[in-house]
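Work through these exercises with the sequence and the model side by side. Try each task before reading its solution.

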Amino acid sequence: MIDLKRLSVEELLDINFYCDCGRQHEVKIGDIIIDPDILGDLPELLCKYKSRKILIVADRNTYRVAGDIVKDILSKDFVVEVFVYDDEFLVADTDSLGAFLLELGSEPDLILTIGSGTLNDITRYVSKRTGIPYVIIATAPSMDGYTSIISPLIRRGVKTNFPGVYPTSIIADINIMKEAPMHMLQAGLGDVLGKYTALSDWRMSNILGIEREEPYCANIAGLVGNAIEKCVEVAPQLTSRTEDAIRAIMEGLILAGLCIGLAGHSRPASGSEHQISHYIEMKFLENDVATKWLHGNKVGVGTLMIIEAYDFLFKQSLNQIKNSGKYLEFDTEKWRERIKDGFGNLAGEIFNLKEQDILAEKGDRQERMDLIEKNWTTLK
């Protein structure tokens, strides 16, 4: 079997193999380039689109970083159009998606997005729906979505995952990324650290046999764990913006994103810490809070909260919990009231998403407790 954690980022591209976990894993990305001063190589990388139409997509911040440079480099050999979002803090919601789709009337042959998380999420979804391939020029090592096939988007106020596609190429110029605002560099580290609890959640569901359509793969989990270790090793250098730190964080984020594609779902890189991050984002939107803080910053906060929750959980006496018998009772109405208190106007959407997953019946709760008791030591 192929040991994924022994492979470089380049060796993982276009991989396709049958794993010991019993599933086929594959990745289909043409190029991932992480180096200084690489924008000049764009015409060569995009040569098959020469004399054809490219739509450059950016927001006003990312366009200021690299927009004019990219446009000038490509204008000699390509038909270039530009769409720039004017939002101070762009959100991946139905409004931003609609604005993007309106720009596709000219039917470009390729979408070239300059940006990071939000712009990539929007483009990935649009590319999936339209069939137009896209390339991303990364402006910050701020999140793991560059290589993901999942687009988290806000619909009716609730952050929900939608299917997307891989970019054709990922261009990550280290000299551009290391000049990103510090909170964006910290967001990248926060997103990587979130894999500690994401992997724990995924393994716990595997131990309890409740994975459903999200089967566990130790090979993929090992690759993510290896990426975390490399990032933690260079984390103290991040505030100095060293090339080694920027490269390691970016590679760690790319590897984590690739694992979503390898697994076919988001569990290798997203767990309960992401649920907290999504909650914060939804509440900010509901209360019209504009903020510079990114997804990865919130994931970092969520990670610390979930670690505290794990610590609390595993300090409990399972015998005391069983002897009390309280675990058999679940007050659905009280649960609904707590959801209403926490989510306000979004509560209806949360009921639709989550109500089917709660264990309200005594028989179901006893069955789950029996599973936990049988596997308590392994879980800890």
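**Exercise 1: Aromatic pairs**

A search of the whole structure, which is a predicted model, finds 8 aromatic pairs. Task: decide how the rings of Tyr310 and Phe314 are arranged.

Solution.
- Step 1. A pair of aromatic rings is described by the distance of the centres and the angle of the planes.
- Step 2. For Tyr310 and Phe314, the ring centres are 6.1 Å apart.
- Step 3. Their planes meet at 10°, so this pair is stacked. The cut-off for stacking is under 30 degrees.
- Step 4. Check the surroundings: Tyr310 and Phe314 are both buried.
- Step 5. Look elsewhere for a cluster. Phe83, Tyr85 and Phe100 are linked into one by ring pairs.

**Exercise 2: The whole chain**

Task: judge whether the radius of gyration of the protein chain agrees with that of a compact globule.

Solution.
- Step 1. Take the length: the protein chain has 380 residues.
- Step 2. A compact globule with that number of residues would have a radius of gyration near 21 Å.
- Step 3. The protein chain has 22 Å, so the value agrees.
- Step 4. Add the extents. The C-alpha trace spans about 75 × 45 × 40 Å along its principal axes.
- Step 5. Add the make-up: the chain holds 15 helices and 10 strands. Of its residues, 49% count as buried.
- Step 6. Turn to contacts between residues at least 6 apart in sequence. Of these, 74% join residues at least 24 apart.
- Step 7. Finish with the surface. The accessible area is about 18,200 Å², and carbon and sulfur atoms account for 49% of it.

**Exercise 3: Helix H10**

Task: describe helix H10 and place His278 in it.

Solution.
- Step 1. Helix H10 covers residues 272-286, which makes 15 residues.
- Step 2. From first C-alpha to last it reaches 21 Å, close to the 21 Å expected.
- Step 3. List buried residues of H10: among them are Glu273, Ile276, Ile280 and Met282.
- Step 4. Find their partners. The buried residues pack against strands S8 and S9 and helices H7, H11 and H13.
- Step 5. Zoom in on His278. Its relative accessible area is 11%, so His278 is buried; the cut-off is under 20%.
- Step 6. Beyond neighbours within four places in sequence, His278 is in contact with Lys159 and His295.
- Step 7. Look past the helix end: H10 is followed by Asp288, with a positive phi near 55°.

**Exercise 4: Strand S10**

Task: which strands pair with S10 in the parallel sense?

Solution.
- Step 1. Strand S3 (residues 31-35) pairs with S10 in the parallel sense over 5 bridges. Here Asp35 stands opposite Asp173.
- Step 2. Strand S7 (residues 134-138) also pairs in the parallel sense with S10, over 4 bridges. Val135 stands opposite Ser169.
- Step 3. Check the cover. S10 spans residues 169-173, and 5 of its 5 residues are buried.
- Step 4. Sort the directions. Ser169, Ile171 and Asp173 point one way, while Ile170 and Ala172 point the other.

**Exercise 5: Ile2**

Task: is Ile2 buried or partly exposed?

Solution.
- Step 1. Locate Ile2 in the segment before helix H1 (9-12).
- Step 2. Its relative accessibility is 31%, so Ile2 counts as partly exposed.
- Step 3. Leave out residues up to four places away in sequence. Ile2 then touches Leu7, Ile15, Phe17 and Asn219.
- Step 4. Compare a distant position: the C-alpha atoms of Ile2 and Pro133 are separated by 29 Å.

Definitions and conventions
Residues numbered from 1 in each chain as written. Predicted model: local features only at pLDDT ≥ 70, side-chain atom pairs only at ≥ 80, totals over all residues. Heavy atoms only, no water. Helix = DSSP H or I, 4+ residues; strand = E, 2+ residues; numbered from the N terminus. Expected span 1.5 Å × (residues − 1). Buried < 20%, exposed > 50% of the residue type's maximum accessible area, 1.4 Å probe, protein only. Contact = heavy atoms within 4.5 Å. Pairing = 2+ DSSP bridges. Rg over C-alpha atoms; globule rule 2.2 N^0.38 Å. Areas by Shrake-Rupley, 256 points an atom, 1.4 Å probe, with all protein chains shown as cover. Phe/Tyr/Trp six-rings, centres within 6.5 Å; stacked < 30°, edge-to-face > 60°.
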